[in-house]
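Open the model in your viewer and keep the selection tool at hand. The stops below follow charged side chains and their partners.

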Amino acid sequence: MEIITETNYVDHAERVIESMIIKDKTGRGRDKINLTTSKIRNLLSMVNNLQALIKQEKEPEISGELMSKVQYLKMRFAYEAGREQSVKDFVKKASIMEIIEGIGKSKKKLLLFCNYMEALVAYHRYKGGKDR
């Protein structure tokens, strides 16, 4: 079963970000998300670099060189997740590793992943994600 599809990736992204909201127990109504905007935007930046390369590809399957860059992206997500618990929680809740593994040679799936990352960043901001 696919985790995200062209028709559910936005709703899935919203649920992921909502699951990361830590409710304020003081009663002041200051719910927060531990993942900072700068962290999630750094992850998106890596994805955006990959997306720019995808647009140059003419075939429906991605090239070996681009597949290598997808593997590098997966490694960078793992590295960032290992450095900070909030990123690790995000990567796990968003099923990022599983989605990257499911891309294979599919250009369509890779573009869907890029759109999903954009949706995650958008909902992070919309739901109150802030810089620290």
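Select Glu57 to begin: this residue sits in the loop between α2 (37-54) and α3 (64-83). Helices here are DSSP runs of H or I with at least four residues, numbered from the N terminus. The model is predicted, so local features need pLDDT of at least 70 and side-chain atom pairs pLDDT 80 or more, while totals for chains, interfaces and linings use all residues. Residues are numbered from 1 along each chain as its sequence is written, and side-chain values use heavy atoms, without hydrogens and water.

Glu57 is buried but has no salt bridge. Buried means under 20% relative accessible area, exposed over 50%, and partly exposed in between, with a 1.4 Å probe and protein chains only. A salt bridge puts a side-chain nitrogen of Lys or Arg within 4 Å of a carboxyl oxygen of Asp or Glu. Which side chain of opposite charge is nearest to Glu57? Show Lys107, 6.5 Å away. Lys and Arg count as positive and Asp and Glu as negative; His and the chain ends are not counted.

Next, add Ser63, whose side chain makes a polar contact with that of Glu57 at 2.9 Å. Such a contact is a pair of N or O atoms within 3.5 Å; within protein, one must be able to donate a hydrogen and the other to accept it, and residues adjacent in sequence count only if both atoms are side-chain atoms.

How many salt bridges are there in the whole structure? A search finds eight. Select Lys127 and Glu18, one such pair, with closest N and O atoms 2.7 Å apart. Lys127 lies in the segment after α6 (107-126) and Glu18 in helix α1 (residues 9-19), so this pair ties together parts 109 residues apart in sequence. Both ends are partly exposed: Lys127 at 25% relative accessibility and Glu18 at 36%.

Move to Lys39 and Glu84, whose side chains form a salt bridge at 3.6 Å, N to O. Because Lys39 is in helix α2 and Glu84 in the loop between α3 and α4 (85-93), the pair links parts 45 residues apart in sequence. Lys39 is buried at 17%, whereas Glu84 is partly exposed at 28%.

Finally, select Glu80 and Arg76, joined by a salt bridge of 3.2 Å, N to O. They are four residues apart in helix α3, about one helical turn. Glu80 is buried at 10%; Arg76 is partly exposed at 24%. Add Lys39, Arg83 and Glu84 to see one network, in which salt bridges that share partners join these three with Arg76 and Glu80.

Terms used: Helix = DSSP H or I, 4+ residues; strand = E, 2+ residues; numbered from the N terminus.
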